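Please study the sequence and the three-dimensional view below before attempting the exercises.

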Amino acid sequence: MKIDVLDAGFIEAIDHLGDDLTVVNSARVSFGKRKTVYEDGDRKLVTYLAKNKHYSPFRHMVVQFHIKAPEFVMRQWYKHVVGIETTNSSATKDHAWNEISGRYVPVKDFYKPLVWRQQSTDNKQGSGEDMPENINQECQEIFDNFMTNVEESYENLLKLGVAKEQARTILPLNQYTEVYWTASFQAIMNFIELRTEKTAQWEIQQYAKAIKQIVSEIYPETTNIWFETHGLQE
Ligand SMILES: Cc1cc2nc3c(=O)[nH]c(=O)nc-3n(C[C@H](O)[C@H](O)[C@H](O)COP(=O)(O)OP(=O)(O)OC[C@H]3O[C@@H](n4cnc5c(N)ncnc54)[C@H](O)[C@@H]3O)c2cc1C
């Protein structure tokens, strides 16, 4: 399942491990039991686990995503270091990320905001109201002039034979990048909780909302229960 996000980004689940029964059977192994059909009792069990923070059974479900997002979004995303491995001492703890390399591949796409937001007055990190139309237009012109200059300069450096790894030093944070992110259901829920929250940046919220839709399709019962027990319904 692939969802377009922002003007040129996307998120796609390219692989996953397990289904709704995975969490059930991971918990029921304690009793030496394994189910093949999801029943009402399983719903109760999973609700109990989610409510009481018995989270380890939720870590047997894993999704591999292909993401295309602006670099400034990925910088925030990279702060989520817990993927499939949650043991602090493990060397593989944060090895669930791989990214396209601007040393190999010239950067092509840049995010262009269409609506400019004012600085929030009550949240030093956040945005407030949208800019009035006339100022929005002025912001757009500043952006367009800057980007034309940046893109031409980057191209010119490449044409002169400058290494891609060095030419990219002039590129701004709105450059699109592509990554693979593999994370457990629990880590994905943590991402959704933190990044759909209203103080998270609007752009990363769009990705978190798309992920919400994707995991709801892959693990409908478990996702629904998690959202209910953690107050994450829309
Ligand atoms: C609105 C917002 C604003 C932010 N602003 C900033 C900012 O200004 N600067 C900045 O640097 N970051 C900022 N962050 C990033 C934030 O501090 C977290 O690094 C990021 O959200 C990842 O969250 P996490 O640690 O829960 O995720 P993960 O790394 O996926 O961790 C998942 C969970 O695992 C557990 N865990 C992880 N590591 C450990 C550990 N070592 N020991 C014990 N338990 C652990 C925790 O329960 C954690 O919630 C911001 C985040 C948000 C949502």
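Two exercises with worked solutions follow. The model is a predicted one, in which local features need pLDDT of at least 70 and side-chain atom pairs count only at pLDDT 80 or more, while totals for chains, interfaces and linings use all residues. Residues are numbered from 1 along each chain as its sequence is written.

**Exercise 1.** Determine in what order the 5 strands of the open sheet are arranged.

*Solution.* Step 1: strands are DSSP runs of E with at least two residues, helices are runs of H or I with at least four, and both are numbered from the N terminus. Two strands pair if DSSP finds at least two bridges between them. Step 2: the order is β1-β2-β3-β7-β4, with antiparallel pairing. Step 3: β1 (2-5) and β4 (97-99) each have a single partner strand, so one side of each is left without a neighbour in the sheet. Step 4: β4 is joined to β7 (residues 176-184) by 3 bridges, and Asn98 stands opposite Tyr180 in β7.

**Exercise 2.** Establish how helices α2 and α8 pack.

*Solution.* Step 1: axes are lines fitted to C-alpha atoms, for helices over the stretch in contact, and angles run from 0 to 180 degrees between N-to-C directions. Step 2: α2 (residues 40-51) and α8 (residues 220-229) meet at an angle of about 45°, their axes being 9 Å apart. Step 3: the two helices are therefore oblique to each other, given that angles under 35 degrees count as roughly parallel, over 145 as roughly antiparallel, 65 to 115 as roughly perpendicular and the rest as oblique. Step 4: residues are in contact if their C-beta atoms, placed from the backbone, lie within 7 Å; the contact includes Arg43 and Val46 of α2 and Ile225 and Trp226 of α8.

Definitions and conventions. Contact = placed C-beta atoms within 7 Å.
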